[in-house]
Amino acid sequence: MGCAGSTPAKGDGNVKKIRKPKPWKHPQPITKSQLVQMREEFWDTAPHYGGRKEIWDALRAAAEADLTLAQAIVDSAGVIVQNADLTICYDERGIYLLCLIKYIQVLGGWKIKQKI
């Protein structure tokens, strides 16, 4: 049952295949160490904005893994993927909005436009 305009889900329904994010470019030149520092600051503070630490740990592991492993991590952690590039995710209860910003995924095997 559902809304009059809803359609049945195809396949697994809730499982969204993740993909590489579009290349990200900082507005100003940055060094690799600055990028690493930005990422560390994000991961250190992210759980304080909501969501369970285990989910954040899973998202970090997924962001730093190749696509196949990343998919397995988010699936096993019960992460609900809104955007296939992992920029918007929810925990399994659907309560907390977890947003990964683009520079988080840069060093995890995914490329950046700007040379670092």
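Helices (H or I, at least four residues) and strands (E, at least two) are taken here as DSSP runs, numbered from the N terminus. With that convention in hand, a tour of the chain can begin. The model is a predicted one, in which local features need pLDDT of at least 70 and side-chain atom pairs count only at pLDDT 80 or more, while totals for chains, interfaces and linings use all residues. Residues are numbered from 1 along each chain as its sequence is written, and side-chain values use heavy atoms, with hydrogens and water left out.

The protein chain holds three helices and three strands, arranged from the N terminus in the order α-α-α-β-β-β. Of its 116 residues, 37% are buried, where buried means under 20% relative accessible area, exposed means over 50%, and partly exposed lies in between (1.4 Å probe, protein chains only). The accessible surface of the chain comes to about 7600 Å², with 55% of that area belonging to carbon and sulfur atoms; the areas come from the Shrake-Rupley method with a 1.4 Å probe, and for residues only the protein chains shown count as cover. When contacts (heavy atoms within 4.5 Å) between residues at least 6 apart in sequence are considered, 59% of them join residues at least 24 apart.

The aromatic residues make a pleasant place to look next. Rings of Phe, Tyr and Trp (its six-membered ring) are paired if their centres lie within 6.5 Å; planes under 30 degrees apart count as stacked, over 60 as edge-to-face and the rest as tilted. Three aromatic pairs are found in the whole structure. One of them joins phenylalanine 42 to tryptophan 43 in an edge-to-face arrangement, at 5.1 Å centre to centre and with 80 degrees between the planes. Tryptophan 43 also pairs with tryptophan 56: the ring centres are 6.4 Å apart and the planes stand at 75 degrees, so this pair is edge-to-face. Distant parts of the chain are linked by this pair, since tryptophan 43 belongs to helix H1 (residues 32–45) and tryptophan 56 to helix H2 (residues 53–63), 13 residues apart. Phe42, Trp43 and Trp56 form one aromatic cluster. Each member is buried, with relative accessibility of 13% for phenylalanine 42, 7% for tryptophan 43 and 5% for tryptophan 56.

Helix H3 (residues 67–77) has a clear inner side, with Ala70, Gln71, Ile73, Val74 and Ala77 buried. These residues cover an arc of only 165 degrees around the axis, which puts them on the same side of H3; the arc is that of the directions from the helix axis to the C-beta atoms. The exposed residues Thr68 and Ser76 sit on the face turned away from that buried side. The buried residues of H3 pack against H2 and strand E1 (80–81). At the N-terminal end of H3, aspartate 66 acts as a cap, with a side-chain oxygen 3.1 Å from the backbone nitrogen of threonine 68. Just after the helix, glycine 78 takes a positive phi of about 75 degrees.

Alanine 58, in helix H2, shows a link between H2 and H3 at the level of single residues. Alanine 58 is buried, with a relative accessible area of 9%, and touches Ile73 and Ala77 when residues up to four places away in sequence are not counted. The C-alpha atoms of alanine 58 and glycine 78, 20 residues apart along the chain, are separated by 9.5 Å.

The largest nonpolar core has 20 residues, a core being a set of buried Ala, Val, Leu, Ile, Met, Phe, Trp, Tyr and Cys residues joined through side-chain atoms within 4.5 Å. Trp43, Trp56, Leu59, Val74, Val79, Leu86 and Leu100 have the most contacts inside this core. H1, H2 and H3 are the elements that give two or more residues to the core, and H2 provides the largest share, six residues.

Leucine 86 is found in the loop between E1 and strand E2 (89–90) and is buried, at 0% relative accessibility. Phi of leucine 86 is near 70 degrees, a positive value in a residue other than glycine. Further along, cysteine 99 lies in the segment after strand E3 (97–98) and is partly exposed, at 34% relative accessibility. Leaving aside neighbours within four places in sequence, cysteine 99 is in contact with Phe42, Trp56, Thr87 and Ile88.

Note on methods:
A polar contact is a pair of N or O atoms within 3.5 Å; within protein, one must be able to donate a hydrogen and the other to accept it, and residues adjacent in sequence count only if both atoms are side-chain atoms.
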